[in-house]
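Biologist: I am new to this structure and should be grateful for a close look at a single part, one helix together with the loop that follows. Would you then set that part beside other places in the model?

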Amino acid sequence: MSTIVSLPNQEEAQLPKLSYLNSEYGLKSWLLTADHKRIAMLYLISITFFFFIGGAFAGMIRLELLTPLPDLVASDTYNKLFTMHGIIMVFLFLVPSVPATVGNFVIPIMVGAKDLAFPKINLLSWYLYVAGACFLLYALFNGGVDTGWTFTTPLSTHYVNTHVITGAMGVFIAGFSSIFTGLNFIVTIHRMRCPGMTWFRLPLFCWSNYAASLLMVLGTPVLAITLVLVMLERAVGIGVFDPTKGGDPLLFQHLFWFYSHPAVYIMILPGMGVISEVISTFSRKRVFGYTAVAFSSVAIAVFGFFVWAHHMFIMGVSNYSALVFSLLTMLVAVPSAIKIFNWAATLYKGSITFETPMLYAFGFMGLFTIGGLTGVFLGSLGMDIHLTETYFIVAHFHFVMVGGMLMAYLSGVHFWWPKMTGRMYPESMSQLAAVTTFIGFILTFFPQFIVGYLGMPRRYHAYPPEFQVLNVLSTAGATVLGIGYLLPMLYMPWSLKYGKIAGSNPWQATGLEWQIQSPPLTENFVDIPIMDHEAYDYDWLAHKTEHEVTTVG
Amino acid sequence: MSAPTEHEHHIVGPKTYGLILLALLVLTATTTGAAFINMGVFSPIVALGIACLKAVLVILFFMHIRYSSKVMMLTVGAGFFTFLVLITMTLSDYISRNWGLW
Amino acid sequence: MDSQAIVTGHADPHEGHEEHPAYLRHHFVTVEQQRETASFGMWLFLLTEIMFFGGLFMAYLLYRNWYYDAFVASSNTLGIGLGTTNTGVLILSSFTMAMGVYSAETRNRKGLLTSLSLTICLGLVFLGIKTIEYHDKYTEHHIPGASFSVEDFVHPTDKRDVPLAPDMAQHAQLFFFLYFAMTGMHALHMIIGISILFVLLYQAYHGAYIDGHTSTIDNFGLYWHFVDIVWIFLFPLLYLISRHPLK
Amino acid sequence: MHISPVMWQFLVRWLTNSALFPPEASAISPYMDAFYFFLIAISAVGMIAVIILVFGFSIMYRKEKNPVATQIEGSTLLEATWTIIPLALFMICFVWGALLYFRIYDPPTNAMNIYVVGKQWMWKAEHPGGQHEIDSLHIPINRQVQLTMISQDVFHSFSIPAFRIKREVIPGRYSTVWFEATATGTYHLFCTQYCGTNHSAMIGEIVAMTPDDYQKWASGSTSGASLAQNGERLFASLGCNSCHSGAATARGPNLAEVYGSQLQLADGSHVTANDAFLREAILNPSTRVTAGYAPIMPTYQGQVSEEGLIDLVEYIKNLNSNYRVQQTLTASQLPVGQAGASSSGSSSPALNYRPQETLGAGHSGPAKSGRTAPGVPGTVNQ
């Protein structure tokens, strides 16, 4: 059976009279809303804001590293730059990026619900996010934090005199924001599915966000208590992590990485969900091996809790447990490989078009593959000794986080932009942006693998001159990358007013969210839908569109 | 078939609550008494065993898990499982540290 | 606009009761769904609480193994009597709370009011006893930090204790820090719980929760029982398991 | 097109001496690089596979060419394939990596030992012969060198890219790493664990020399007293010898030839007396009490610097007989009064401490143990 793609005639399409955007007006109607779509918009704005703050810091870091000498900024300033870059990018951008914006917007619609299970808690989690962000901004404006985003003891507790407590408090609060988001998603996916929406009819985006939410709910509290202990140790001087008082600084690392390694999967899993949706939609095909992809998400989430000590291989953990953790690390690499190959196989015999989300998705697949494979370098014990704490590891997690997650995020934002706003983004412009981002990214971070194997340590303010050429390349790439990220900032707002009217289903995608008007009504569905077909069922979609054509005219 | 697995609401009566209360108090007395008997390495095991028993009673009856759906039981299990992962995997490092030179 | 393209019928699984009670939120279909959703969410929140305390338990286990003697000696300075009483009190309060849930389900306003107020009282008793214990620690200079004195551990007053070497005695501070951190965190949860209880009591007094919509009471009950469970584990760990140190 | 001269200069410099790998200057580096190439090969294969699939399909099945998609459910066989093959490859990486890891972190028995102390923001190396260096380390080639490292403040990390070795330097605990340099030359020494303001200034140079040159250098730059000699002086001035005199009735265990021996502890367990154990025994004596002795030793936490501890450890390592110990003892043996006076101003909790009869079965009895407590002078700094 086959499907003929016929994009709806967008000249005839018009914006619906009533939608969640114009149901109420005024600032109050936004700040006190319980509508998941509006909260998603609030998140979108605040996250973008912090992304560009963090990006500015990254730019200054790259500028400093243009020359081997410590000439642009003082070393303390530099330390604060990369610390705030890390904290903001991890806790204020990457962790909430896809779940809190795209996920918040589409997950309730995908499962056929009128809202998330706990709309007020959803709003609360945004306010918590803002509160945490305010703490971090306060710390920033009062001179920042210079412990590195890992708050490593005893440095953070006894040897720096910056605003560690404020910063840690900010992260603590932001952590609870993500806990509540995750809690909301889990409950929604469990309890709010519409009739007929069985687990295996869920879009894969729901599966991966579900897995990520499990990690949020179970992992983040450990970070919270760890930060509480750090704050207490700094304020009152209790010695839980202080070797001179009999504490063990490694215990901090254990507790911290128990959250912060799963956090990596919190960041990447929702991105994988986006890729599944996009690849399927633009190759007009059901995702190859749906169950395999779904279960690999869960497998990643579960294994994710067993591998944290691979961040500590050279830090004096027992070599026996290093062995165990390395083995488990190898296991957790497998589900990611499965996903990649399934996506590739989804293209087979598809009918592929190359709109912007698809381009970003291809970018994701390439960069994430590199990132994942270099992760195997670092996961294998011997190689880790030489590579860890060098620029190799910096390049590795930027390939996963920026090359993977950020690509997926942009892919998702472009993909659901018509649904969110009712208007199309300018296609050619955004394709340019996607390509620019990809090229800039490779140019920025690939040299860092080489300079890393050469032994240049991370977090270095000044470095031996022989590393300069590679660093110059990296900085040059960073400028291109920056342009790639600025472009959407220009044309996305533009499209709000001048973009083509999207119509309800511009991509001819099968998800429930594409079967309702865009932008949707506040209550999403007039009546709770009944799911009567599998996910990614393009034949069903074809029938439906034919049916409409016949009925309409 | 509505997807959310719905589960009829079971009302636990005061008799059950009373029995559980009695059991809990007795167990508390037992564990305190046991603390005064020297059982060597077993005294912590006994104490924690009794604690687990009490916790299970509270969860099953006071918190109605015994009467609620599989998903809930699974959820509670998952929580304690993750907790055990944290404890065991971390301690595995500390325990095995002085097994060898390295 | 095909705003409801795939809606092929009304979604309510059992067409029986069309009349929706006032407390059914717009985005739920049935009361059952709403109740189950609420309690499921509460349980997930309790999972986060488990992991939150988990970090502290982890630290306690580790340092108890490292500085066994210090932990034994300091644990023996805690009053087992007060500890046991508190455990009993807390279990009782759990019972009264459960009874509160029961009377809410059976729409018994009087029972609800009495059990809620009883729970409040028992909770306050618990906190009172805890205050006494804290005060003892203060007078004995067992509060870690500046005023901490190792005297009691290098020259034990208690016959059960063996004297500790000065360096080991210093590590008693770790025990007491963890003691205050864990019991303090627990007490904080109690305080929050009691303040919520006051609100519930007020609302119940004005006739809430006896119209069949008991989710709030149920979920608060879950929270209260969880706090109880935390104490059920703190009690043996801090008070009991070190009475007979292994020689 | 026009390249800016600066850019051009960089490119030329890079292309002329473009280093993709640090020099292979240690016995381990060839193994490390071999493993590296293997991993690169695997990655290349995986990468190429993905690229071929993605681009191939994108070209073959683009909409213009293939307007009609054919729905395919999936294939268990394929799933199994790309589960098992990556898993197998990763397992090879795991085993190979583990072997390499143990090769690097398993110290040889007869290596020459150098002590390294990291502090914000410098490296201090101490050779057994008493040569002290800062931010540099001179070593002979073709000789196994083991580093016993400790940090005075925060986490540091001792990294020599040219030797492909790196090890965290931990506060409050010895960590070791070893290498065997194979080529003379000067190499980078980095602190790779972020350690505060001047992290990037905590660098130094490794000077690998031929054994003769090393001998010349060592004899030229010795500070006079070897570590063991410093240790002996410290041992006496701390009054350790008043308990650890080696006499049968001594309150402290006999330390002669204790290093490397199996000790039975009060709790019945056994430990090997290595550097870490000795250090721990000085700072937290009562955590691991030797069987048959009372836990009466005061802690020297905060009284001896890490260098001092290293001296003591090195001294005890080389202590073969108690002859000199007793010599110094007779000189410093004083009645209680003067002992107290000599150590006045630095009263330690141990001064008026009485052990209980109940403990330490078979130790030499409380009567004596009460009489003279070890005099504890103030902070020792040499």
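Modeller: Helices (H or I, at least four residues) and strands (E, at least two) are DSSP runs, numbered from the N terminus. This is a predicted model, in which local features need pLDDT of at least 70 and side-chain atom pairs count only at pLDDT 80 or more, whereas totals for chains, interfaces and linings use all residues. Residues are numbered from 1 along each chain as its sequence is written, while chains are lettered from A and ligands numbered from 1 in the order in which they are written.

The part I have chosen is helix H3 of chain C, which covers residues 80-105 and has 26 residues. From its first C-alpha to its last it reaches 38 Å, close to the 38 Å expected; the expected span is 1.5 Å times one less than the number of residues. Of the 26 residues of H3(C), 20 are buried, so the helix is largely enclosed by the rest of the structure. A residue is buried if 20 or more other C-beta atoms, placed from the backbone, lie within 10 Å of its own, exposed if 12 or fewer, and partly exposed in between.

Just after H3(C) comes C:Arg107, in the loop between H3 and helix H4 (109-139) of chain C. Its phi is positive, near 55 degrees, although the residue is other than glycine. C:Arg107 has 13 C-beta neighbours inside 10 Å and therefore counts as partly exposed.

Chain B offers a counterpart. B:His64, which is not a glycine, has a positive phi of about 65 degrees and is found in the loop between helix H2 (42-62) and helix H3 (70-96) of chain B. B:His64 is buried, because 21 other C-beta atoms lie within 10 Å. Chain B itself contains three helices and zero strands, and 31% of its 102 residues count as buried.

In chain A, helix H8 (residues 204-235) may be read in the manner of H3(C). Its 32 residues should span 46 Å, and its end C-alpha atoms are 46 Å apart, which agrees. As 28 of these 32 residues are buried, H8(A) too is largely enclosed by the rest of the structure. H8(A) bends by about 30 degrees at A:Gly219, with a proline, A:Pro221, following within four residues; the bend is the angle between axes fitted to the seven residues ending at a position and the seven starting there. After H8(A) comes A:Gly237, with a positive phi near 80 degrees.

Two loops hold cis peptide bonds. One joins A:Ser518 and A:Pro519, with omega about -5 degrees, and A:Pro519 is placed in the loop between helix H16 (468-498) and helix H17 (538-552) of chain A. Another joins D:Gln120 and D:Trp121, with omega about -10 degrees; D:Trp121 lies in the loop between strand E2 (112-119) and strand E3 (122-126) of chain D.

Finally, the largest nonpolar core has 394 residues, and A:Val111 and C:Leu178 have the most contacts inside it. Such a core is a set of buried Ala, Val, Leu, Ile, Met, Phe, Trp, Tyr and Cys residues joined through C-beta atoms within 7 Å. Helix H9 (residues 249-282) of chain A gives the most to this core, with 21 residues. Beyond its neighbours within four places in sequence, A:Val111 is in contact with several residues, including A:Ile189, A:Met192 and A:Leu202; contact means C-beta atoms, placed from the backbone, within 7 Å.

Definitions and conventions
Contact = placed C-beta atoms within 7 Å.
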